[in-house]
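Here is a short report to read alongside the sequence and the model. Let's start with one residue and work outwards from there.

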Amino acid sequence: MPRALRPFSSAQYRRLVVALAASLLSAGAWIVAAAWQVIELGGTPIDLSIVAVGASLGLVLAVLVGGVVADRVPQRRILLAIETARAVVFAVAGFLAATGLIEVWQLAVLSFVLGVADGFFYPAYSAWLPALLPAEQLLAANGVEGVLRPVAQNAAGPALASVLIAVQAPWLAFLVVGGLQVVAIVALAVMRTTPLRRDLEASDAHPLRQMAVDLRDGFAYLLRTRWLFATLAFSILLVLVVIGPIEVLIPFAVRDQTGGGAGEFALVLASFGIGGAVGSLLVSSFRLPRRYLTLMILAWGFGCLPLAVIGVTPWLWVMVVATFVVGFLFDAAQVVWGTLLQRRVPPAMLGRVSSLDFFVSLALMPLSMAIAGPVGEWLGLAPAFLIAGIVPPILAIVTLATARLGQDELAHPLDDGPMDATQVTGAEAAAGFAPPVDESHPGRDPSAGADGSGSGRAVGADEE
C-alpha cells in the first residue's frame, strides 16, 4: 500500500478514524454556528472573544489532568466519555437556540465544556495511537489526522454549518452536529480496549498526590529536554500572537472588508482546511525530513506571513489564498511534531507530555482570544493582522539560533529505514520497558528503567 495509507490495514485504526472524522466534523460546524449565533444576537468582536475564551480556558484548565488520566486509564474509555459529553453540549445549544433562550454567556459556558473535553481528548488520542500501530506507520497516521482535521474541521464542518444556517438558523446546525456525535460514539464502542503502556506500581498514596507526582515528573522531563522545551517556548509565543486574530477577527474581516456572510466565512475556513489537508498528505507520503526540527519551526513561523494580507485586502479570493498557505504550512509542521512526540518521548510518559504540549503551548491562548477583540477595535484589523504576520518569523529564527536545534536533530535521526538489530526498538520500547533508541541513556544499562532501577518505568532522559 502507499505509505500514507498503510495504517488502514488495521481494523482498530479504521474505526478510530471514523470516530475522529465525526468528532472533527462536529467541531468545525460548531465554530461557524457559534460565531454566527453571536452575530445574530448583535454581538461584537468582544462578545465573540468571550465565547472563544471559554473554549480555550476549558482546554488549558483540563489538559494537565487529561494527560495524567491518559497515562492511567484505558484511552478508549476516555474517548467514549468525551464524545458523549460533546453530544450533550450540542443538543443543549440546539435546544436553547431553537427556543430563543440562547445568550452569549451560555455559549461561553458551553464552549468551556467543549474545551474541557478537548483537554482530555488530545492526550488520550496521542497516547493510544502508538499502541494501535507500529512505529513506522505513525507518521502516516498523523498525516491522516492532519488531513482529516482541516478537511472535516475547517472545510466540511463549516460548510455544513453554513448550509444549515442558510436553510434555517444556527440552532439547526447545533442539533445536526449533535447527531453526528452518535457516529463517533458507536465507532469507539465497537473498538477493543488496549492495555496501558505503563507499569503502574501499587501505592497507598492519595490519588491527588499521585497526580501531583505524575505532573512533576512530566514537567521535569520537559524542562531538561532541550528540543521539547525550546519548541514549546516558541509555540506559546506563537499562539499569543496568532490564535486570537485567526479565531476572533477573521469573521469580522470577511464581513467588513468583503461584505461576506456565513458562507464566505466558511469558504475562508475551508481554504485553511484544504491547505492543511494538502500539506499533511504531502508530508505523510514521505519519510520524516532529516532536518525535521528546523523545517518544522520555519514552517510554523514563516507560515504566518500571509496573515498580514488578510487585514488589508477587500477581495475574498485573496483571503482564501492566504489561509490556504497558512493551513498548508501549519498542518505539514504539525504532522512532523505529532510523530516527533510519539517517537522521542518514552511511552509511559506520552500522555503527560502530550498534555504538557497542549498546556504550555496554549497557556496564553485565552489571553490571545481576550485581547484580539479589543485590539481589533482599537487599532483596527489591518495592524492586528500585520502583527500576527511578521512577529512569528522573527520568533522562529531566534528559536533556531538560540536552542541549537540543528545539532539536536542531526544527533537524533528519526528515519524509518533499516535499523541496527542491537538498538532498543519495537515491542520492548513500545511497552515502556526501555527507552527508545534515540532517547538512550549514555553509560546506563539499556535494560534498566529510566530511573536506573530496572523497574521498567521509562521517565525520560536528559538530552543535553
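## Around Ser 111

Beyond its neighbours within four places in sequence, Ser 111 is in contact with Trp 30, Val 51, Gly 54 and Ala 55. If you would like to find Ser 111 on the model, look in helix α4, which covers residues 104-132. Keep in mind as you look that this is a predicted model.

Is Ser 111 buried or exposed? Its relative accessibility is 2%, so Ser 111 counts as buried, the cut-off for that label being under 20%.

## Helices α1 and α3

Trp 30, one of the contacts of Ser 111, also takes part in a helix pair. In α1, the residues Leu 16, Ser 23, Ser 26, Ala 27, Trp 30 and Gln 37 meet a set from α3 made up of Leu 79, Glu 83, Arg 86, Phe 90, Ala 93 and Ala 97. By type, the residues of this contact divide into seven nonpolar, three polar and two charged.

How do the two helices lie relative to each other? Helix α1 (residues 11-40) packs against helix α3 (residues 75-98) at an angle of about 30 degrees, and their axes are 12 Å apart. Angles under 35 degrees count as roughly parallel, and that makes α1 roughly parallel to α3. As for handedness, the crossing of α1 and α3 is left-handed.

## Val 241 and its partners

Now let's move along the chain to Val 241, a residue of helix α8, which spans residues 226-258. Val 241 has a relative accessibility of 18% and therefore counts as buried.

Which residues does Val 241 touch, leaving aside its neighbours within four places in sequence? They are Ile 387, Ala 388, Val 391 and Pro 392. Take Pro 392 as an example: Val 241 and Pro 392 are 151 residues apart along the chain, yet 7.6 Å separates their C-alpha atoms.

## The chain as a whole

Stepping back, the secondary structure of the chain consists of 17 helices and zero strands. The chain has 464 residues, and 58% of them count as buried. Ser 111 and Val 241 both carry that label.

Contacts can also be sorted by how far apart the partners are in sequence. Taking those between residues at least 6 apart, 86% join residues at least 24 apart. Finally, the surface: the chain exposes about 18000 Å², with carbon and sulfur atoms supplying 69% of that area.

Terms used: Residues numbered from 1 in each chain as written. Predicted model: local features only at pLDDT ≥ 70, side-chain atom pairs only at ≥ 80, totals over all residues. Heavy atoms only, no water. Axes fitted to C-alpha atoms, helices over the stretch in contact; angles between N-to-C directions. Helix = DSSP H or I, 4+ residues; strand = E, 2+ residues; numbered from the N terminus. Parallel < 35°, antiparallel > 145°, perpendicular 65-115°, else oblique. Left-handed = near helix turned anticlockwise from the far one by under 90°. Contact = heavy atoms within 4.5 Å. Nonpolar A, V, L, I, M, F, W, Y, C, P; charged D, E, K, R; others polar. Buried < 20%, exposed > 50% of the residue type's maximum accessible area, 1.4 Å probe, protein only. Areas by Shrake-Rupley, 256 points an atom, 1.4 Å probe, with all protein chains shown as cover.
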